[in-house]
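User: Hi! Could you take me through this model and explain, label by label, why each part is called what it is called?

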Amino acid sequence: MNYELTFEVERGDFETAGGASRKIKKTLQQLGISSKIIRKVSIAGYEGEMNLAIHSLGGTILLEVEEKEIILTIKDSGPGIPDLHLAMTEGWSTAGVEARRMGFGAGMGLPNMDRNADHFEIESKVGDGTKILMKFFL
Amino acid sequence: MKLSRVQELLEAVVLSGESHLDDEVLTGFGCDLMSDVLCFAREDAVLLTGLVNKQVLNTVDMANMNSIVFVRNKMPCEDVIKMAQEMNLLVMSTKYILFEACGMLYANGLKGAHLR
């Protein structure tokens, strides 16, 4: 089983944000993935999608379903994270008023992605962008 | 507890997903912070919240929760109700504040849906 899908996420679009994650969840259900794994992928993917809408200049989510793992790659085109250690700290957030009105910006997104994924990698460069790679073992 | 009992106890108005009123719910989570719902809530629980935007529906969907009760007489806009209908998600609204609504459900046997 090899399956690949890419989704675009626009900056600040809180109206449609979440649409990619709903499609990812539906796709995994159609592929017969267990609901326990779907929940982990869905939560981590949705946190990533909201982060793209809240913090980035726009980006993409790539879903890859392979024989032994599901891979989510979340990439944006900036602005980049100056201090990754701080960004990974629970409770630390730079989210604005609009995100907080939606119930986000509590500084739990990145730690929650790490918690749900079996493998989590993040790299970021200011002025360049951020890339997050998450693997979920089947 | 059946979700119809949740509706009855909270005197809630059903906005979508009426066919799920016969479903069982074992736990509940009361919160306005969707980040915390995604971190701490168990699946198959009812979410009680004062937020009424589309991201509440997405949060419940991603976390595999089974229903939403909007508290403090909050009513979402038509777009949100339409989205809930398309998702076939049970969404209700109650006049009670979050504290009272959670207390009434807890006193009647519903447990907290937090991860331990």
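Analyst: Gladly! Please keep in mind that this is a predicted model. One definition comes first: two strands pair if DSSP finds at least two bridges between them.

User: Then what makes strand 4 and strand 5 of chain A a pair?

Analyst: Seven bridges join strand 4 of chain A to strand 5 of chain A. The cut-off asks for at least two, so these strands count as paired. The two run antiparallel, and one of the bridge partnerships sets Ser124(A) against Thr130(A) in strand 5. The hairpin of these strands has three residues between them, and there Gly127(A) takes a positive phi near 90°.

User: How do you know that strand 3 of chain A also pairs with strand 5 of chain A?

Analyst: By the same kind of count. Strand 3 (residues 69-76) and strand 5 (residues 129-137) of chain A are joined by seven bridges and run antiparallel. At least two bridges are needed, so this is a pair too. Leu72(A) is opposite Met134(A) in strand 5.

User: Which strands of the chain A sheet are called edge strands, and why?

Analyst: The sheet is open, with five strands in the order 1-2-3-5-4 and antiparallel pairing. Strand 1 (3-9) and strand 4 (119-125) of chain A are the edge strands: each pairs on one side only. From one strand to the next, the twist averages 10°. Helix 1 (residues 19-30) of chain A lies across strand 1 and strand 2 (59-65), and it runs at about 165° to strand 1.

User: Is Ile24(A) buried or exposed, and how do you know?

Analyst: Buried. Ile24(A) has 24 C-beta neighbours inside 10 Å, and a residue is buried at 20 or more, so the label follows. Ile24(A) sits in helix 1 of chain A. Apart from neighbours within four places in sequence, its contacts are Val41(A), Ser42(A), Gly45(A) and Leu63(A). Ser42(A) is 18 residues from Ile24(A) along the chain, yet their C-alpha atoms are separated by 7.2 Å.

User: And what class does Phe120(A) get, and why?

Analyst: Phe120(A), in strand 4 of chain A, has 18 C-beta neighbours inside 10 Å and counts as partly exposed. The buried class starts at 20 and the exposed class is 12 or fewer, so 18 falls in between. Phe120(A) touches Met113(A), Asp114(A) and Met134(A), leaving out residues up to four places away in sequence. Its C-alpha atom is 9.7 Å from that of Leu110(A), ten residues away in sequence.

User: How do you know whether the end-to-end distance of helix 2 of chain A agrees with its number of residues?

Analyst: Compare the expected span with the model. Helix 2 (residues 35-55) has 21 residues, which should span 30 Å at 1.5 Å a residue. The rule multiplies by one less than the number of residues. The end C-alpha atoms are 29 Å apart, which agrees. This helix is also mostly covered, with 16 of its 21 residues buried.

User: Turning to chain B, why is it called as compact as a globular protein of its length?

Analyst: Chain B holds five helices and six strands. Its radius of gyration is 12 Å, close to the 13 Å that the globule rule gives for 116 residues, so the description fits. The C-alpha trace spans about 35 × 30 × 25 Å along its principal axes, and 48% of the 116 residues are buried.

User: What makes strand 1 of chain B an edge strand, and what pairs with it?

Analyst: The six strands form an open sheet in the order 1-5-4-3-2-6, with mixed pairing. Strand 1 (13-16) and strand 6 (111-112) of chain B each pair on one side only, which is what the edge label refers to. Three bridges join strand 1 to strand 5 (residues 90-93), and the two run antiparallel. Within that pair, Ser16(B) is opposite Val91(B).

User: Last one: what makes up the side of chain B that touches chain A?

Analyst: The contact takes 18 residues from chain B and 18 residues from chain A. Helix 3 of chain B gives the largest share of the chain B side, six residues. By class, that side has eight nonpolar, five polar and five charged residues.

Methods. Residues are numbered from 1 along each chain as its sequence is written. Chains are lettered from A and ligands numbered from 1 in the order in which they are written. This is a predicted model: local features need pLDDT of at least 70, side-chain atom pairs count only at pLDDT 80 or more; totals for chains, interfaces and linings use all residues. Helices (H or I, at least four residues) and strands (E, at least two) are DSSP runs, numbered from the N terminus. The radius of gyration is taken over C-alpha atoms; the globule rule is 2.2 Å times the number of residues to the power 0.38. Two residues are in contact if their C-beta atoms, placed from the backbone, lie within 7 Å. Ala, Val, Leu, Ile, Met, Phe, Trp, Tyr, Cys and Pro count as nonpolar, Asp, Glu, Lys and Arg as charged, and the others, Gly among them, as polar. Axes are lines fitted to C-alpha atoms, for helices over the stretch in contact, and angles run from 0 to 180 degrees between N-to-C directions.
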